[in-house]
Each structure stands twice: as structure tokens, then as C-alpha cells.
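Please open the model in your viewer and keep the sequence panel beside it. The stops below say what to select next and what is to be found there.

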Amino acid sequence: MAEPVVRIPDAKVALSTASVYPESTATAFEIAARLGYDGVEVMVWTDPVSQDIEALRRLSDYHQIPILAVHAPCLLITQRVWSTDPWVKLQRARAAAEKLGASTVVVHPPFRWQRQYARDFVTGIWRMANETDVRFAIENMYPWRYRDREMLAYAPDWDVTKDDYRHFTIDLSHTSTARTDALHMIDRMGDRLGHVHLADGNGSNKDEHLVPGRGTQPCAELLERLALSGFDGHVVIEVNTRRAMSSAEREADLAEALAFTRLHLASAVKAHRR
């Protein structure tokens with residue numbers, strides 16, 4: 001009788017510090033350690049601790065939880081964080097990743113109004129990627145919609161697979177908002193898929209970042225496909241817990257997200273009878 005085999009990839013499961021908002025970056029480290037996450041992804045934003053390499057190092061050492069990735073400050077609310085020059089932001093994100101031992105910097109494509117940055121973005125990312133062992137993983141975005149109007153806010157494109165990058169991040173809340181097929185997108189990314197932001201969505205115009213399993217995205221299928229392919233990047237839980245009524249409810253959501261991910265980030269390999 002043949003025995004079933006379960007294949008579990010080397011991918012680590014991390015918690016994005018954005019997942020605890022409106023609580024602090026420091027709280028994310030505490031929760032990640034308590035729940036058994038493999039590490040954290042630091043979202044660099046308006047929280048001063050998220051911008052302070054030494055403070056982040058102390059949190060990592062104190063909680064014994066590694067920093068696996070740094071999310072560069074690419075949001076509208078972080079336009080003045082770490083300079084107003086987008087290339088300086090990326091240089092500082094790379095330096096932070098190198099000093100903190102993180103393997104990945106997550107980057108959004110430019111906004112269309114950042115014209116010079118957008119024109120030089122693809123070649124500039126290649127140049128920076130050639131200068132370091134840190135992966136610059138460019139993240140898929142989505143069109144902005146209001147009622148029946150659609151605005152293309154990102155350049156060269158919100159669908160980053162249309163351009164040539166060394167590494168990609170796929171975000172399943174963003175595929176939901178874009179109303180694009182997440183599995184087809186990872187097929188286009190191929191072996192350049194280096195990083196995953198796991199969340200769910202129901203196809204809303206808003207970027208929902210639901211707990212995996214609570215929307216319509218193929219979260220389980222994607223994780224199982226990663227297991228089959230031996231994916232060795234990071235899977236980061238990046239969910240919105242702002243509506244949690246208490247810290248306990250927020251922590252329960254993050255525990256559920258971790259359990260879902262660990263359950264599906266494994267693939268039963270069908271054994272053959274001898």
C-alpha cells in the first residue's frame with residue numbers, strides 16, 4: 001500500500017505590519033510572535049517606528065521574529081516619508097532590507113502623475129536590482145473606479161506582467177479589485193513570482209483586503225499551486241482589521257488567516273500503488 005505524501009514548500013508565512021492598523025508597528029511584532037508567524041513584513045508608513053531601522057531591529061531581536069520583507073513607502077499617505085523623491089525612497093528601502101536581513105523590497109508601480117519616475121521605472125528597477133541581493137518585487141495594482149468611471153492611476157501599467165521585471169509580488173485583494181484572474185496572473189509571472197500578499201476580496205471597487213477565505217478570490221487554489229511548484233518566496237498576510245471591535249477580535253482574524261494559509265500551503269501528492 002502506498003502512503004500519501006504531503007508536500008510543504010520552504011515558503012515562510014509572514015504578517016504585514018499593516019494588518020494590525022490602527023494599532024502600531026510594535027504591536028504587529030508582538031502579535032506575529034504570539035501567533036506563530038515566521039516573520040513580519042514592515043510597511044513603511046507614517047508610524048515613526050516603521051521608518052526607524054534601529055527601532056525595528058530592537059523589536060525583531062526582542063520578539064525573536066525576523067523581518068522578511070520591507071514594503072517601500074509607495075502609498076498616497078506616504079508621499080513625504082523617506083523623502084519626496086521616489087528613487088530615494090527605494091534606495092532607503094533597499095538599505096533597510098540589507099541592514100535588517102530582509103530578502104525582499106515590495107514596490108508599487110508609479111502613479112501616472114509621477115511622469116519622469118514612471119518613464120524610467122522599469123530600467124531603474126533593473127539597475128537597482130543588479131546592485132544588491134535583495135529582491136525588488138513589483139506588485140500588481142488595479143484601475144481606480146468611481147461608479148461607472150475608470151481611471152488608470154498607475155504607470156507603466158497596473159498589470160505589472162505587461163512589463164519586464166525580475167521579480168513580482170501578487171496581491172489577491174488587488175486582483176479582486178482589478179477583476180482579473182489571479183491564477184492566470186501567476187501563470188504570466190511564472191518563476192519570477194517572488195512574493196505573495198495574501199488577502200481576499202469580492203470584486204468591490206474598493207481594495208478590501210479581507211481575511212483569506214471570506215471572499216471570492218482563489219486563495220486556497222493559489223496556495224496549493226505554490227506548494228506544488230516548491231515556491232520558496234514569502235507569503236504575507238496583508239488584511240484589513242480596522243473594523244475589529246477589539247484587540248482580541250483583531251488577533252482572532254490574524255490567527256484565522258495564518259491557519260488558512262498553513263492549511264492550504266501544502267499539497268497532497270497522489271501516491272501510486274506498487
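## A tour by selection

Begin by selecting Glu30, Arg34 and Glu251, which are linked in a network of salt bridges. Keep in mind throughout that this is a predicted model. Side chains of opposite charge can pair when their charged atoms come close. A search of the whole structure finds 13 salt bridges, and the next selections take up some of these pairs.

**Salt bridges between separate parts of the chain**

Select Glu23 and Arg250, whose closest N and O atoms are 2.7 Å apart in a salt bridge. This pair links distant parts of the chain, since Glu23 belongs to the loop between β2 and α1 while Arg250 sits in helix α8, 227 residues apart. Glu23 counts as partly exposed because its relative accessibility is 22%, whereas Arg250, with a relative accessible area of 4%, is buried.

Move next to Arg214 and Asp253, where the two side chains meet in a salt bridge with an N to O distance of 3.0 Å. Arg214 is in the loop between β10 (193–198) and α7, and Asp253 is in helix α8, so this pair ties together parts that are 39 residues apart in sequence. Arg214 is partly exposed, with a relative accessible area of 40%, while Asp253 counts as buried at 12% relative accessibility.

Then select Arg225 and Asp187, another pair of side chains meeting in a salt bridge, at 2.8 Å from N to O. Here the partners come from two helices, Arg225 from α7 (residues 219–229) and Asp187 from α6 (residues 182–189), so the salt bridge ties together parts that are 38 residues apart in sequence. Arg225 counts as partly exposed, its relative accessibility being 33%.

**The loop between β2 and α1**

Return to the loop that holds Glu23 and select Tyr21 and Pro22. The peptide bond from Tyr21 to Pro22 is cis, with omega near 15°, and Pro22 itself is placed in the loop between β2 and α1. Ala18 lies in the loop between β2 (12–16) and α1 (25–35), and at 17% relative accessibility Ala18 counts as buried, because the cut-off for that class is under 20%. If you add Glu41 to the selection, the C-alpha atoms of Ala18 and Glu41 are separated by 8.6 Å, although the two residues are 23 residues apart along the chain.

**The largest pocket**

What is the volume of the largest pocket? It is about 1,200 Å³. To find its centre, select Asp207, Glu208, His209, Asn240 and Arg242, which are the closest to that centre of the 38 residues that line the pocket. The lining divides into 18 nonpolar, eight polar and twelve charged residues. Colour β7 (144–146) and α8 (247–264) as well, as each of these supplies at least two residues of the lining of the largest pocket.

**A nonpolar patch on the surface**

Show the surface and select Leu76, Ile77, Trp113 and Met151, which make a nonpolar surface patch of about 400 Å². Trp113 is in the loop between β5 (104–107) and α4 (115–129), and it counts as partly exposed at 42% relative accessibility. Phe111 is found in the loop between β5 and α4, but at 6% relative accessibility Phe111 counts as buried.

**Backbone details**

Which residues other than glycine are worth selecting for a positive phi? One of them is Gln64, with phi near 55°, in the loop between α2 (53–63) and β4 (67–71); with a relative accessible area of 66%, Gln64 is exposed. Another is Trp82, which has a positive phi of about 55° although it is not a glycine. Trp82 is found in the loop between β4 and α3 (86–100), and it is buried, with a relative accessible area of 6%.

Finish at Ala155 and Pro156, where the peptide bond from Ala155 to Pro156 is cis, with omega near 0°. The place of Pro156 is in the loop between β8 (149–151) and β9 (167–171).

Key
Residues are numbered from 1 along each chain as its sequence is written. This is a predicted model: local features need pLDDT of at least 70, side-chain atom pairs count only at pLDDT 80 or more; totals for chains, interfaces and linings use all residues. Side-chain values use heavy atoms; hydrogens and water are left out. Patches are made of residues with over 30% relative accessible area and no salt bridge: like charges are joined within 9 Å, nonpolar side chains (Val, Leu, Ile, Met, Phe, Trp, Tyr) within 5 Å. Accessible areas come from the Shrake-Rupley method with a 1.4 Å probe; for residues, only the protein chains shown count as cover. A salt bridge is a side-chain nitrogen of Lys or Arg within 4 Å of a carboxyl oxygen of Asp or Glu. Helices (H or I, at least four residues) and strands (E, at least two) are DSSP runs, numbered from the N terminus. Buried means under 20% relative accessible area, exposed over 50%, partly exposed in between (1.4 Å probe, protein chains only). On a 1 Å grid over the protein atoms alone, a cavity is a set of points where a 1.4 Å probe fits but cannot get out, and a pocket is an open set with protein on both sides within 12 Å along at least five of seven lines; lining residues have an atom within 4 Å of a point. Grid points are joined across faces, edges and corners, and a volume is the space filled by probe spheres set on the points. Ala, Val, Leu, Ile, Met, Phe, Trp, Tyr, Cys and Pro count as nonpolar, Asp, Glu, Lys and Arg as charged, and the others, Gly among them, as polar.
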